[in-house]
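Reader: I would like to go through the strands and their pairing. Please start with the terms.

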Amino acid sequence: MVFEAVTPTLLDDATARCWGRDDNDHVSDTPTTLEFLDISVGQQHTCAIRSANNLAACWGRFSTTTNAPPADVTFDVLATGTDFTCGIESDDGAIFCWGDNSYEQVADRPDDTGYSAIGSGSTHSCALRESDGTIHCWGRNQYGQLDVPDDTTFDALAVGMQHTCGIRSSDSQVECWGLDESGQSSEAPTDQFDSISAGWHHTCGVRSSDSSITCWGQRTINPR
């Protein structure tokens, strides 16, 4: 998900560009000469995977804690939250997290391997294990965003600020759980989907039938 009105992208030459709010320099401090494989924007910091060595590089707030990635761990995917970051390690698909641990969003990460997708919300994360399609979540659970449906496997996941969604393996439909004050969890269409993405209070997906995009949840712009 994208936090705090900041949008990241990787250009054709693999360099990063970010635009939007720059309260903590996670836009203006973006390295423009390094090449990256993947990029993720948290609430007040940004992290990306370097093409040269698959190491993580981060910038923005709390450069000595949240933004200090391990120097000896390589990653395939990163997911940034509020003052913390998680990633999938390149060698075995294990989860590694660092930064703020106020709600165990770092310490409670799964200790097994084989994960292929990961997402972080404000204070929680979820990851999809490739071998069996199960989703594992950890961190804060005040709205049930960690309560993965029983006996359900998924092909994809998306993590919003305080809600989580997945595309079910059985029928390619979306199932969501967690905060639902704007319908971001309960109003998913009954269509089949190829991919999904979750934001602060909304979720969007690409329909399998015609590749069109549909969204549900909050329809107003945050006035901040």
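Author: Two strands pair if DSSP finds at least two bridges between them. Strands (E, at least two residues) are DSSP runs, numbered from the N terminus. This is a predicted model, where local features need pLDDT of at least 70, side-chain atom pairs count only at pLDDT 80 or more, and totals for chains, interfaces and linings use all residues. Residues are numbered from 1 along each chain as its sequence is written, and side-chain values use heavy atoms, without hydrogens and water.

Reader: Which residue in β7 stands opposite V77?
Author: β6 pairs with β7 (residues 84-89) in the antiparallel sense. Five bridges hold this pairing. Opposite V77 in β7 stands I88.

Reader: Why is one side of β6 and of β8 left without a neighbour in the sheet?
Author: The open sheet has the order β6-β7-β8, with antiparallel pairing. β6 (75-80) and β8 (95-99) stand at the edges, so one side of each has no neighbour, as each has a single partner strand.

Reader: Which strands are the edge strands of the sheet β9-β10-β11?
Author: This open sheet of three strands is antiparallel too. Five bridges join β9 to β10 (residues 124-129). S120 stands opposite S125 in β10. Pairing on one side only marks the edge strands, β9 (115-120) and β11 (135-139).

Reader: How many residues of β12 are buried?
Author: Buried means under 20% relative accessible area, exposed over 50%, partly exposed in between (1.4 Å probe, protein chains only). Strand β12 covers residues 154-159 and is mostly covered. Its buried residues number five of six.

Reader: Through how many residues does the hairpin join β12 to β13?
Author: β12 and β13 (residues 163-168) run antiparallel, joined by five bridges. A158 stands opposite C165 in β13. The hairpin joins the two strands through three residues.

Definitions and conventions:
Helix = DSSP H or I, 4+ residues; strand = E, 2+ residues; numbered from the N terminus.
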